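Here is a brief report on one protein chain. It covers the fold, the nonpolar cores and the salt bridges.

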Amino acid sequence: YNLSIGKLAFTKKGDLLMKTLIFCGTPRKQGDTMALVGEFTNHLEGEYKIVDSYDSIIKPCMDCRYCWENAGCCIDDDMQEVYDYIQECDNILIASPLYFSELSGQLLAVASRLQTYFCARYFRKVKPVEKGKKGGVIIVGGGDGSVENAYKTACRLLRHMNVRDIAPVVFSHNTNNIPAKYDLKAVENSRNLALFFSSNPSDKI
């Protein structure tokens, strides 16, 4: 399971300060999306884990409807570990390139496995994720299309994971001409997003 672990930060009691889960929807390891994710993680406190939607072994939802009546998901793959981390983390970031004004297809395939949370609320009438969280979205694009649809989709996914406070979208939307790492506004906003996550713990939201 291709889950990257970032730097750790501890309190005086030895407890972890903060945990952040990052869903990454780019196939380019050194591309524009990762440039902003890197800027974000460089200024982030605590532990972070990255779910690489292209390298992780995560099947899309099969619409088997197991979760209509049961907690969790019956597909035994890397998503089971992601479910566990969703329960315990404080923040969730969704980062993706813009494909036809949407999140990348591979990221949406991974995100389809959040269907179990929808079914928990609307069929089984239970709260699937107890811990409230903060959320953020990073989107990059070449300049054609709009970030609005992708941001709305990302926000919908975040809310299913009990994200209660979502920051404004961080975007670089002219990457065909100016790489994201040289987009000073996007770089600054990536840093500010890390500071937003690091401010107040999610259990105080």
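The report moves from the overall layout to the cores and then to the charged pairs.

**Layout**

This is a predicted model. The chain contains 6 helices and 7 strands. Along the sequence, their order is β-β-α-β-α-β-α-α-β-α-β-β-α. Of its 205 residues, 48% count as buried. Contacts reach far along the chain: among those between residues at least 6 apart in sequence, 80% join residues at least 24 apart. The accessible surface is about 10,300 Å². Carbon and sulfur atoms account for 50% of that surface.

**Nonpolar cores**

The largest nonpolar core has 32 residues. Leu-21, Phe-23 and Ile-86 have the most contacts inside this core. Several elements supply at least two residues each. Among them are the strands β2 (19–24), β4 (91–97), β5 (133–140) and β6 (163–166). The helices α2 (79–88), α3 (105–111) and α5 (148–160) also do so.

Another core lies apart from the largest one and has 21 residues. Its members include Phe-40, Ile-138, Val-140 and Leu-193.

Which residues does Ile-86 contact, leaving aside its neighbours within four places in sequence? They are Leu-21, Phe-23, Leu-114, Tyr-117, Val-129, Lys-133 and Met-161.

**Salt bridges**

Side chains of opposite charge can pair when their charged atoms come close. The whole structure holds 8 salt bridges. The table lists some of them, with the N to O distance.

| Pair | Closest N to O distance |
|---|---|
| Lys-19 and Glu-88 | 2.7 Å |
| Lys-29 and Asp-55 | 2.9 Å |
| Asp-77 and Arg-113 | 2.8 Å |

Lys-19 sits in strand β2 and Glu-88 in helix α2, so their bridge ties together parts 69 residues apart in sequence. Glu-88 is partly exposed, with a relative accessible area of 34%.

Lys-29 and Asp-55 link distant parts of the chain, 26 residues apart. Lys-29 lies in the loop between β2 and α1 (32–42). Asp-55 lies in the loop between β3 (47–52) and α2. Lys-29 is partly exposed at 38% relative accessibility. Asp-55 is also partly exposed, with a relative accessible area of 40%.

Are Asp-77 and Arg-113 buried or exposed? Both residues are buried. Asp-77 belongs to the loop between β3 and α2, and Arg-113 to the loop between α3 and α4 (115–122), so this pair ties together parts 36 residues apart in sequence.

Some bridges share partners. Lys-29, Asp-52 and Asp-55 are joined in this way into one network.

Terms used:
Residues are numbered from 1 along each chain as its sequence is written. This is a predicted model: local features need pLDDT of at least 70, side-chain atom pairs count only at pLDDT 80 or more; totals for chains, interfaces and linings use all residues. Side-chain values use heavy atoms; hydrogens and water are left out. Helices (H or I, at least four residues) and strands (E, at least two) are DSSP runs, numbered from the N terminus. Buried means under 20% relative accessible area, exposed over 50%, partly exposed in between (1.4 Å probe, protein chains only). Contact means heavy atoms within 4.5 Å. Accessible areas come from the Shrake-Rupley method with a 1.4 Å probe; for residues, only the protein chains shown count as cover. A nonpolar core is a set of buried Ala, Val, Leu, Ile, Met, Phe, Trp, Tyr and Cys residues joined through side-chain atoms within 4.5 Å. A salt bridge is a side-chain nitrogen of Lys or Arg within 4 Å of a carboxyl oxygen of Asp or Glu.
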